[in-house]
Amino acid sequence: MTQTFLMMRKFTTSLLFALCAALCAVLCAVLGACSAKQTADPELPQALLQARIQGIYDAPIGLTDGRYEGPPFVAGGSSRPTVTLLQDRVARGDLDAGRPDSRDLSISAAGADDYAVVLAESSGGSGSFIYLALLRPQGSELVNYATTLLGDRVDVTSLTIANGEIRASMVVHGPDDPVCCPSERSEISWQLMGDEISEVTEFRGHLVYGHEAREFIPCSEARTWWVVDGTGGDMPTTYRTLALEPYMPIYAEVRGATGPAPNADFARPYQRQLRIIELMHAARENASCPLQGRLGHRSQQHKRLTVII
């Protein structure tokens, strides 16, 4: 009787393990939350597989055939930090396309394509931290000039560069997802702002656009950003149509990315800039976004708007 019971318990345990494995396989297939075994792209340049990457650890690391292995955390131990280039998650394109405002970096090369790559970092635990890194040719090398963390155990299912933007389809954590198993699909895009990778998002606020003042003041914040037009002229045209006088603030809902302001001409007093790539809505005013006396004229002669703090 005891032997029969033990055999039945063993059979039940094995069956449960098999069912759990099958369920995990189905979830991975349906949700795309598990990364498939990567296959090396024979067309990837060797300079990419041997690149030096910064922004993950305190010091830059060097890849060897697309992988970095650091020293063990404990002498003689087997657990060590690793960084792996996901060779099937590489995009190539020009992030400066049509952007005279984009940047002034020593590694810039006119007409040179950028590489956007995804890297997975593990420090020996259950976490797998996913990074987006940008590289650009410099001589015979590919130099990494910007890196940003995307999240823990997120899955980048596709990556492209188009119209000066990095675009990714991702599976990220929803509000009720456990850390192990993200399930929410998301489309995310970034722009290169100086040497920062900045996520493209939506903003509400007041817009001023003139020769000496090109400003955006978010609705709920006491700060002002320098504005760069990335709409192909649509945003300045709409502003001139709605503004009753030069440097009049109008309400605007825009899509864009923020970054460090250029150190030139009238942009010097500003710490940040907003590159507007889409003007979604504009009006002379909006009751839900009052100026509340936050603005005043620095000079009536030039009608330069500034924040009164």
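## Strand S13 and its partners

Strand S12 (residues 201-209) and strand S13 are antiparallel and are joined by five bridges; strands are DSSP runs of E of at least two residues, numbered from the N terminus, and two strands count as paired if DSSP finds at least two bridges between them. In this pairing Gly205 stands opposite Pro218 of S13. The connection from S12 to S13 is a hairpin of four residues.

S13 is also joined to strand S14 (residues 225-229), by two bridges and again in antiparallel fashion. Here Phe216 faces Trp225 of S14, and a hairpin of six residues links S13 to S14. Four of the five residues of S13 (residues 214-218) are buried, so this strand is largely enclosed by the rest of the structure; buried means under 20% relative accessible area with a 1.4 Å probe, protein chains only.

## The four-stranded sheet

An open sheet of four strands follows the order S8-S9-S10-S11 with antiparallel pairing. Its edge strands, S8 (155-162) and S11 (196-199), each pair on one side only. Neighbouring strands of this sheet are turned by 30 degrees against each other on average, direction ignored, with axes taken as lines fitted to C-alpha atoms.

S8 and strand S9 (residues 165-172) are antiparallel and joined by seven bridges. Ala162 has Glu165 in S9 as its bridge partner.

## Basis of the model

The model is predicted: local features need pLDDT of at least 70, side-chain atom pairs count only at pLDDT 80 or more, and totals for chains, interfaces and linings use all residues. Residues are numbered from 1 along each chain as its sequence is written, and side-chain values use heavy atoms, with hydrogens and water left out.

How values were computed. Buried means under 20% relative accessible area, exposed over 50%, partly exposed in between (1.4 Å probe, protein chains only). Axes are lines fitted to C-alpha atoms, for helices over the stretch in contact, and angles run from 0 to 180 degrees between N-to-C directions.
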